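Please take a moment with the sequence and the structure before reading on, and then follow the description from the whole chain to a pair of its residues.

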Amino acid sequence: MFQYTKHGEKPTTLELFQFSAATLFFCHAVVSNKTAQNIVEDAQASTINEYRTTLRSNKHR
């Protein structure tokens with residue numbers, strides 16, 4: 001970025017494509033991580049609720 005402001009150059013099409021691709025992959029990784037986290041939390045909650053419902057009485061809860 002510094003070279004463009006210092007020398008008044010414009011980025012090439014390849015550089016713009018590479019930047020766009022890197023940004024896209026980064027955003028996809030963030031979304032995938034968040035989705036995986038939500039799946040794990042939902043699975044944990046459903047497992048805990050299942051155990052609660054199968055206990056015989058409040059004493060065991």
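**From the chain to two threonines**

Buried residues make up 3% of the 61 residues in the chain of this model, which is a predicted one. The accessible surface of the chain amounts to about 5900 Å², and 63% of that surface belongs to carbon and sulfur atoms. As for secondary structure, the chain holds 2 helices and 0 strands.

One of these helices, H2, covers residues 13-54, and we can now turn to two of its residues, beginning with Thr 53, which lies in helix H2. Is Thr 53 buried or exposed? Thr 53 has a relative accessible area of 62% and is therefore exposed, because the word applies to values over 50%. The side chain of Thr 53 also reaches back to the backbone of the chain, where the oxygen of Glu 50 lies at 2.8 Å.

Thr 54 is likewise found in helix H2, and its relative accessible area of 56% is over the 50% cut-off, so Thr 54 counts as exposed. Which backbone oxygen lies 3.0 Å from a polar atom of the side chain of Thr 54? The backbone oxygen in question belongs to Tyr 51.

Taken together, Thr 53 is an exposed residue whose side chain reaches the backbone oxygen of Glu 50, while Thr 54 is an exposed residue with a side-chain polar atom 3.0 Å from the backbone oxygen of Tyr 51.

Terms used
Residues numbered from 1 in each chain as written. Predicted model: local features only at pLDDT ≥ 70, side-chain atom pairs only at ≥ 80, totals over all residues. Heavy atoms only, no water. Helix = DSSP H or I, 4+ residues; strand = E, 2+ residues; numbered from the N terminus. Buried < 20%, exposed > 50% of the residue type's maximum accessible area, 1.4 Å probe, protein only. Polar contact = N/O pair within 3.5 Å; in protein donor to acceptor, adjacent residues only side chain to side chain. Areas by Shrake-Rupley, 256 points an atom, 1.4 Å probe, with all protein chains shown as cover.
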